[in-house]
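Biologist: Please take a close look at one part of this model for me. I would like to hear about the disulfide bonding, with its surroundings.

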Amino acid sequence: MQRTSIDNDQQSRQQDERVGLLNTSGGNNEEDEGTLNVYHTDHTISKSGKDSCVLPFILSIFLISIPLLWFLLIFQNVYLNAFNYTPEFEYIYKNGNRTESLNNFIETNVNQHFPLLLKKYGIAGASLGIISEENNKYEVKFFNFGERDINFQVNNTVTVDTAFQTGELSETMTVFGVMKLLQENKINFTAPINSFLKRWKLESDKSDSITIKHLLTHTSGLENTDPYEYFYGYVPTQIKKPTTLDNLLNIKLINAIGTVNLDRKVIGAEYGILQYLIEDVSGMNFTSFMDTLIDGLGMSDLSTYTVNDLGLARTLSECYGNYFYVIPNYLFTTSSAFGFYTTVSDYSKLIVNILDYNNSKIVEPEYVNEIFYPVNEIKDKAKYPRKMALGYIIEDLSDGSQSIYRRGSNLGWRAQMNVNRRHKQGYILLTNTETASDVLDIFDCYWHYQLIGDEKLNTCDRYNSSSLADLITIIITAVFAAVVFVFWLTLSCLVCHKKVPLTCSFPFMSNNWLEVVGSATIVVRAIIVVTIAVIYVSLMVFLHSDIYGISAYNAFFIVFATKYAPYHLPYTSLIFGFLSFTLICCALFIYRDSSINKKQKNYQLIN
């Protein structure tokens, strides 16, 4: 009888071991019956009879490797690429010989170094026009680089007829429309803005103090509070498209009147009102009215405030984020401020009109001069003082001349124009990639050097300061990548590796898992995960705040990042990394939960 009992015990033990129900410390049937508390691991049983967690461990490492390799790819091609560029632009200055200086600049910096500069910063395509006076006649030299559509194999190179969005350069054209109404005595710059508006009125107790000049110089104190489509754009496929009136209904007096504010929310509000004013005063649609000026300058149909033209669609460039991510062609209700499309050959005609203002084709010379009279000083962190004119920014140079310029920064587009009327030169540079801001600074710095022979201007200061900032970014990113890798590896071991005792108290590993959830080990692990997530997001925001324009635009980050994050690799890596973390957790929980359920059923069958 005793022998039979021993045999039964051995048989039961063998059956239990086959389904992994006994822990390695042993036990008997009476102690184990009716409870799973003694089973301290959910691991499968290997052929050797030892604990194993190979499947979830390999799965977690695989899922972790994807965002890690993605991040390293970005690190190599976006960050390190900025230091793989030699030789640099060369300082060229021929004192007293402006023509020779410019020709040498073009030969050395434009023809030789500029293509390398574009490669350095990952710019898909660019179009450059350099304007100068030679033999009492203004001439334009065009230079085109890269591709307008990297995914299209036919007719994909940038040409003089490739159309780009110009961002805030739209103002530089719109202001001439306002000056035309002023020349025709249909408006004046001293009367309240409401006296010229018919379909909508500005509602504010200080509305009588706000004039057209305030709007043109960004000193009205007005701001568009919500939503963001009016000054950041909306996708063409958006079902409910915002209107100009929607924009106006969100305008409020937020800032002090008389202080220059170049925030996009301010620009969108002020030029939205000007767009309505032009329509009310002229009796024409805004686009139709501006077409009269475009035609007056001799521009082609490729310059427009709308993209409905089929010819434009065939020559319009694509736009790209970091590492050539394709970004949709965002549209703008406030096209007067952000929605102007043009080519390098067309916009050069506007620059010639500014330089040769005595022969202006659209407004009288006196009204051209009035545009460039500095009105208010721009109070910001720039090293060298700047002043705001009507739609243009003025910077005094060391030789007594003035730099008249404007930069455009729509999502995926960067553009810059500059004119020096004393030296009778100017340029227009259009690009189709988000990362081109440094390219604009570098080109502008060296272009000015061939004019005045020194670096005393803000673009040179930004350029010279950027190298140290880039190096700091590289170091932080490298350290961060290493820390994240170590954390991911450690977390995987803590979660599922067989040799780490901490897994023995993991939830779902016993039938009292609700009590285990509140244990210190679980809380500690939760704190680790949340902490690393916060650090991850904070560092990514810090490293790439310039891309999103958080400091420049003062946008509410959650709204802005949620909308535009998919078009930038660093944030794509962030999102992808969290997605992988989620998959890891799901895989481990499902694996363990299903394993426990299977063991419970097997235990019931055995007993």
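Modeller: Here is a walk through the cysteine pairing, followed by a short look at two other residues.

The model is predicted. How many disulfides are there? The count comes to 1 disulfide. Cys445 and Cys460 are the partners, with an S to S distance of 2.1 Å. That distance qualifies because the cut-off for a pair of cysteine sulfur atoms is within 2.5 Å. A disulfide is a covalent bond between the sulfur atoms of two cysteines.

Where do the two partners sit? Cys445 belongs to helix α15, which covers residues 437-452. Cys460 belongs to helix α16, which covers residues 458-496. The pair therefore ties together parts that are 15 residues apart in sequence.

Next, the handedness. The torsion about the S-S bond of Cys445 and Cys460 is about 105 degrees, so this disulfide is right-handed.

Are the two cysteines buried or exposed? Both Cys445 and Cys460 are buried. Cys319 is buried too, because its relative accessibility is 1% and the limit for buried is under 20%.

Now a residue elsewhere in the chain. Thr108 lies in helix α4, residues 98-120. Its relative accessible area is 14%, so Thr108 is buried. Which residues does Thr108 touch, leaving aside neighbours within four places in sequence? Thr108 is in contact with Glu90, Ile92 and His113. Glu90 is 18 residues from Thr108 along the chain, and their C-alpha atoms are 7.5 Å apart.

How values were computed: Residues are numbered from 1 along each chain as its sequence is written. This is a predicted model: local features need pLDDT of at least 70, side-chain atom pairs count only at pLDDT 80 or more; totals for chains, interfaces and linings use all residues. Side-chain values use heavy atoms; hydrogens and water are left out. Helices (H or I, at least four residues) and strands (E, at least two) are DSSP runs, numbered from the N terminus. Buried means under 20% relative accessible area, exposed over 50%, partly exposed in between (1.4 Å probe, protein chains only). Contact means heavy atoms within 4.5 Å.
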